[in-house]
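Here are some notes to read with the model open beside you. I hope they help you find your way around.

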Amino acid sequence: MKFEGTDTYVATRELTLAVNAALVLERPLLIKGEPGTGKTLLAEEVARALNRPLFQWHVKSTTKAQQGLYEYDAVSRLRDSQLGDPRVSDIGNYIVPGVLWQAFEYEGPSVVLIDEIDKADIEFPNDLLRELDRMEFHCYELQKTLRAKHRPLIIITSNNEKELPDAFLRRCFFHYIRFPDKETMQRIVAVHFPVLKQELLEEALEVFFGLRDLPGLKKKPSTSELIDWLKLLLAEDIPPEVLRANEGERIIPPMHGALLKNEQDLHLFERLAGLVRR
C-alpha cells in the first residue's frame, strides 16, 4: 500500500513521496520542520491510511535508548522477594517491553513513532543504530534475541534542536516539511473548518503571514496556532473587517495570544504598529 494523504491530513506530493520511499527502502523516515507543522500527526495519519497499529515513543531529555527496547524492574523483584512472592522465580515477570519490543513482536506490519529524538542526549541516536538497522536486539536477562516478525515503518521527528550523528543520518530517509504556502494553508484550514467564510479566511491568512514575515520575531506562529486562532475568531464571531488593515498599516489582531507567545514578540509588533500609524 502507498500513502497518499488522508481526509484529515493535507500532505504535499514531496511528503507522500518521502513516506513511500521509506516504505520501499525499509529505512526509518526522519522528519524535520518547524514546530506545529504536523510532524507527529503524520505518523498517526500514515498508520491510519495503511491500516497499521501505531506504537508511540515520545522522547524526553531523560530518555535512554534502552527504554525503547525493554526495562528490567529490579526494584519490584527485590520487593517481591522480601514478601515471598513466588513470581520472583521467573525474571520474565519483571521485564517491561518497550515500544520497539512491542512493534517487533506484533504479528503484522506496524508504524513506530520516535517523537522529538533531538530532545535526548546526543548518544541516544547512536545507541539505536544496530536495532534500527538489523531490526533485532538481545535481552540479556532472558538470554534471547528478539527479531522483528515484520519490519515496521519507523517515523522519527526532530525539531532541529541538536545535530544528529552522521552514522544515524546515513540509515534514514530524510524529509524537511517546509512551511505551507497560502494555497496549501487554505487546504489545511478547509479540513478543520469546511464552512469557514472565504472573506474571513483571506483576511486571517493576510494577518497570519504578515506576522510570520515580521523581521526579528522570536517565535513565528505555526499552523497549529493558526487553527487555534481561527477557532477563537469563530467562537467570538469576529467579522472580517476587524482583521482588515489599510494599505501600509499594521493592526494588533484580536485574540493575538493564540499567535504571539512571548512578550518580546508582542512588544515588537506593538512598536512596529505604532511606527506605521505615526
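The numbered points below go through a helix, some single residues, a pocket and a cavity.

1. A word on the basis. This is a predicted model, in which local features need pLDDT of at least 70 and side-chain atom pairs count only at pLDDT 80 or more, while totals for chains, interfaces and linings use all residues. Residues are numbered from 1 along each chain as its sequence is written, and side-chain values use heavy atoms, with hydrogens and water left out.

2. Please start at helix H9, residues 182-192. Helices (H or I, at least four residues) and strands (E, at least two) are DSSP runs, numbered from the N terminus. The buried residues of H9 are Thr-184, Met-185, Ile-188 and Val-189. They line one face of the helix, because they fall within an arc of 140 degrees when seen down the axis of H9; the arc is taken over the directions from the helix axis to the C-beta atoms. Buried means under 20% relative accessible area, exposed over 50%, and partly exposed in between (1.4 Å probe, protein chains only).

3. What do the buried residues of H9 pack against? Their partners are helix H10 (198-212) and helix H11 (223-235). In H10 you will find Phe-208, which is buried at a relative accessible area of 0%. Not counting residues up to four places away in sequence, Phe-208 touches Phe-179, Met-185, Pro-221, Ser-222, Thr-223, Leu-226 and Leu-259; contact means heavy atoms within 4.5 Å. Met-185 is thus a name to mark twice, as one of the buried residues of H9 and as one of the contacts of Phe-208.

4. H9 also turns up at the largest pocket, whose volume is about 580 Å³. On a 1 Å grid over the protein atoms alone, a pocket is an open set of points with protein on both sides within 12 Å along at least five of seven lines, a cavity is a set of points where a 1.4 Å probe fits but cannot get out, and lining residues have an atom within 4 Å of a point. Grid points are joined across faces, edges and corners, and a volume is the space filled by probe spheres set on the points. The pocket is lined by 25 residues, with Tyr-9, Val-10, Thr-37, Pro-180 and Ile-188 nearest its centre. H9 gives the most to this lining, with 4 residues.

5. The largest cavity holds about 30 Å³. Its lining comprises Ile-117, Asp-118, Ala-120, Asp-121, Ile-122, Pro-125, Lys-162, Glu-163 and Leu-164.

6. Do look at Thr-157 in strand S8 (residues 153-158). Thr-157 counts as buried, at 1% relative accessibility. Its side chain reaches the backbone nitrogen of Glu-116 at 2.7 Å, a polar contact being a pair of N or O atoms within 3.5 Å; within protein, one must be able to donate a hydrogen and the other to accept it, and residues adjacent in sequence count only if both atoms are side-chain atoms. Beyond four places in sequence, the contacts of Thr-157 include Ile-117 and Asp-118, which are among the residues lining the largest cavity.

7. Lastly, two backbone angles. Most residues other than glycine have a negative phi. Glu-116, in the loop between strand S5 (111-115) and helix H6 (123-127), has a positive phi near 60 degrees. Met-255 has a positive phi of about 60 degrees and is partly exposed, at 32% relative accessible area.
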